[in-house]
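Trainee: Please take one single part of this model and look at it closely with me. I would like one connected account, from that part outwards to its surroundings and then to the chain as a whole.

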Amino acid sequence: MVAATDRAVTEALDRIEKDFGLTEQEVASALGVTMTAVEDWRRGESSPNRAVRQQIDRLLELRHHVYETFHPDDVVAWLHESHHYLGGLTPAASLQARQYDRVEALLTVIDHGIFT
């Protein structure tokens with residue numbers, strides 16, 4: 001058993017949930033883990049492995065890019081709107097499917113004014 005919760009992981013999960021408007025279950029899906037695993041991390045009963053930590057970091061990088069691209073008041077709405085570029089999926093659904101690259105590509109296209 002882990003002695004204490006990994007504060008950095010807990011804070012990162014909280015930030016992703018809040019800033020992306022995702023539930024704990026949706027974040028678990030985006031990381032490819034069960035909700036039980038996320039709950040265990042929060043309680044300090046286990047810690048994410050290296051691969052999952054890298055995915056958390058990737059989501060935080062995407063969060064940064066989203067907030068560079070959009071006004072904070074518009075982020076959650078954008079993440080939950082379907083986009084033709086994503087085959088009709090929402091960016092949030094694409095994240096849950098672990099298609100981080102597709103969301104990043106959409107942001108890059110928007111940043112360059114090619115697609116809105």
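Mentor: Let us choose α4, whose buried residues have a cover that includes α1, α2, α3, α5, α6 and α7; please keep in mind throughout that this is a predicted model. The helix α4 is made up of 20 residues, and the distance from its first C-alpha to its last is 29 Å, which is close to the 28 Å expected at 1.5 Å a residue. The residues of α4 that are buried are V52, I56, L59, L62, R63, H65 and V66, and an arginine and a histidine are thus on that list together with the valines, leucines and isoleucine. In reading such a list it helps to recall that an α-helix has 3.6 residues a turn, so residues three or four places apart point the same way. D57 is also found in helix α4, but D57 counts as partly exposed, because its relative accessibility is 43%. From D57 to P72, which is 15 residues away along the chain, the separation between C-alpha atoms is 20 Å.

The beginning of the helix deserves its own look. N49 belongs to the loop between α3 and α4, and it caps the N-terminal end of α4, with a side-chain oxygen 3.1 Å from the backbone nitrogen of A51. The side chain of N49 also reaches the backbone nitrogen of V52, at 2.8 Å, and V52 is one of the buried residues of α4. N49 itself is classed as partly exposed because its relative accessible area is 46%.

From the buried residues of α4 we can step into the core. The largest nonpolar core holds 30 residues, and those that touch the most other members are L13, L31, W41, I56, W78 and L95. Two or more residues come to this core from each of α1 (7-20), α2 (24-31), α3 (35-43), α4 (50-69), α5 (75-79), α6 (91-96) and α7 (100-111). L31 gives a view of how these pieces meet: once its neighbours within four places in sequence are set aside, its contacts are L13, W41, V52, Q55, I56, L59, R98 and Y100. V52, I56 and L59 in that set are buried residues of α4, while Y100 is a buried residue of α7.

The helix α7 is therefore a natural next stop, since the buried residues of α7 pack against α2, α4, α5 and α6. It has 12 residues and spans 16 Å from first C-alpha to last, close to the 16 Å expected at 1.5 Å a residue. Besides Y100, the residues V103, L106, L107, V109 and I110 of α7 are buried. After α7 comes G113, with a positive phi near 70°. Ahead of the helix, R98 sits in the loop between α6 and α7, and its phi is near 60°, a positive value in a residue other than glycine. R98, which L31 contacts, counts as partly exposed because its relative accessibility is 43%.

Two glutamates add detail to the surrounding helices. E17 lies in helix α1 and is buried, because its relative accessible area of 17% is under the 20% limit. Its side chain makes a polar contact of 2.5 Å with the side chain of R42, and, beyond residues up to four places away in sequence, E17 touches L22, T23, E24, V27 and R42. E26, in helix α2, is by contrast partly exposed at 22% relative accessibility. Its contacts outside its close sequence neighbours, those within four places, are G21 and Q96, and the C-alpha atoms of E26 and R53, 27 residues apart along the chain, are 16 Å from each other.

Finally, consider the chain as a whole. It has seven helices and zero strands. Its radius of gyration is 15 Å, close to the 13 Å that the globule rule gives for 116 residues, so the chain is as compact as a globular protein of that length. Along the principal axes, the C-alpha atoms fill a box of roughly 50 × 25 × 20 Å. Of the 116 residues, 38% are buried, and of the contacts between residues at least 6 apart in sequence, 60% join residues at least 24 apart. The accessible surface comes to about 6,500 Å², and carbon and sulfur atoms account for 50% of it.

Definitions and conventions:
Residues are numbered from 1 along each chain as its sequence is written. This is a predicted model: local features need pLDDT of at least 70, side-chain atom pairs count only at pLDDT 80 or more; totals for chains, interfaces and linings use all residues. Side-chain values use heavy atoms; hydrogens and water are left out. A nonpolar core is a set of buried Ala, Val, Leu, Ile, Met, Phe, Trp, Tyr and Cys residues joined through side-chain atoms within 4.5 Å. Buried means under 20% relative accessible area, exposed over 50%, partly exposed in between (1.4 Å probe, protein chains only). Helices (H or I, at least four residues) and strands (E, at least two) are DSSP runs, numbered from the N terminus. Contact means heavy atoms within 4.5 Å. The expected span of a helix is 1.5 Å times one less than its number of residues. A polar contact is a pair of N or O atoms within 3.5 Å; within protein, one must be able to donate a hydrogen and the other to accept it, and residues adjacent in sequence count only if both atoms are side-chain atoms. The radius of gyration is taken over C-alpha atoms; the globule rule is 2.2 Å times the number of residues to the power 0.38. Accessible areas come from the Shrake-Rupley method with a 1.4 Å probe; for residues, only the protein chains shown count as cover.
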